[in-house]
Amino acid sequence: MMNKVHALAKSVQFSDGDMIVSLIDGRTIAVPLVWFPRLASASQKQLTNYELLGDGEGIHWPDVGEDISVVGLLRG
């Protein structure tokens with residue numbers, strides 16, 4: 001039987017057109033910001049104003065109305 005691993009976000013950063021999500025288990029996910037049009041057109045101040053949902057299962061940007069799940073990021 002395989003144990004389920006829950007990927008949980010710890011922090012979010014942005015650089016060179018990428019969103020970089022650090023997970024509590026040490027992994028890092030980097031995805032192109034253009035995958036998320038609302039985030040791609042947001043200001044740096046709006047991007048850095050995020051909230052972790054649940055225990056880090058998702059990320060919410062209140063200024064731009066964007067919600068992204070960590071599982072969704074892992075699935076691509």
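Me: Okay, contact means heavy atoms within 4.5 Å. So which residues does leucine 52 touch, not counting residues up to four places away in sequence?

Reply: Leaving out those sequence neighbours, leucine 52 touches Ala9, Lys10, Gly58 and Ile59. Keep in mind that this is a predicted model.

Me: Where does leucine 52 sit?

Reply: You'll find leucine 52 in strand β4. Opposite leucine 52, in β5, stands isoleucine 59.

Me: And how many residues apart in sequence are leucine 52 and lysine 10?

Reply: They are 42 residues apart in sequence, and their C-alpha atoms are 7.9 Å apart in space.

Me: Why does leucine 52 count as partly exposed?

Reply: Its relative accessible area is 34%, and partly exposed covers what lies between buried, under 20%, and exposed, over 50%.

Me: Let's zoom out. What's the strand order in the sheet with β4?

Reply: The order is β4-β5-β6, an open sheet of 3 strands with antiparallel pairing. β4 (51-53) and β6 (66-69) are the edges with a single partner strand each, so one side of each has no neighbour in the sheet. On average, neighbouring strands here are turned by 25° against each other, ignoring direction.

Me: How many bridges hold those strands together?

Reply: There are 3 bridges between β4 and β5 (residues 58-61), and 4 between β5 and β6. One partnership puts histidine 60 with aspartate 67 in β6.

Me: What's between β5 and β6?

Reply: A turn with 4 residues, which makes the two strands a hairpin. Glycine 65 in that turn has a positive phi of about 65°.

Me: Which side chains of β6 are buried?

Reply: Glu66 and Ile68, which point to one face. Asp67 and Ser69 point to the other face and aren't buried. That fits the usual pattern: in a regular strand, side chains alternate between the two faces of the sheet.

Me: Hang on, what about charge? Which side chain of opposite charge is nearest to glutamate 66?

Reply: Arginine 38, at 4.1 Å. A salt bridge would need a side-chain nitrogen of Lys or Arg within 4 Å of a carboxyl oxygen, and glutamate 66 has no salt bridge, although it is buried.

Me: What does glutamate 66 touch, not counting residues up to four places away in sequence?

Reply: Phe36, Arg38, Leu39, Ile59, His60 and Trp61.

Me: New topic: rings. How many aromatic pairs are there in the whole structure?

Reply: The search finds 2. In one of them, tyrosine 50 and tryptophan 61 are tilted, 6.4 Å centre to centre with 50° between the planes. Tyrosine 50 is in the loop between α2 (44-48) and β4 while tryptophan 61 is in strand β5, so this pair ties together parts 11 residues apart in sequence.

Me: Which residues make up the ring cluster?

Reply: Phe14, Tyr50 and Trp61, linked by ring pairs.

Me: Is tryptophan 61 buried or exposed?

Reply: Tryptophan 61 is buried, at 0% relative accessibility. Tyrosine 50 is partly exposed, at 24%.

Me: Last one: what is the order of the sheet with β1 in it?

Reply: β1-β2-β3, an open sheet of 3 strands with antiparallel pairing. Its edge strands are β1 (9-15) and β3 (28-32), each pairing on one side only. Neighbouring strands in this sheet are turned by 20° on average, again ignoring direction. Strand β2 (residues 18-23) is joined to β3 by 5 bridges, and isoleucine 20 has alanine 30 in β3 as its bridge partner.

Conventions: Residues numbered from 1 in each chain as written. Predicted model: local features only at pLDDT ≥ 70, side-chain atom pairs only at ≥ 80, totals over all residues. Heavy atoms only, no water. Pairing = 2+ DSSP bridges. Axes fitted to C-alpha atoms, helices over the stretch in contact; angles between N-to-C directions. Buried < 20%, exposed > 50% of the residue type's maximum accessible area, 1.4 Å probe, protein only. Lys, Arg positive; Asp, Glu negative; His and termini not counted. Phe/Tyr/Trp six-rings, centres within 6.5 Å; stacked < 30°, edge-to-face > 60°.
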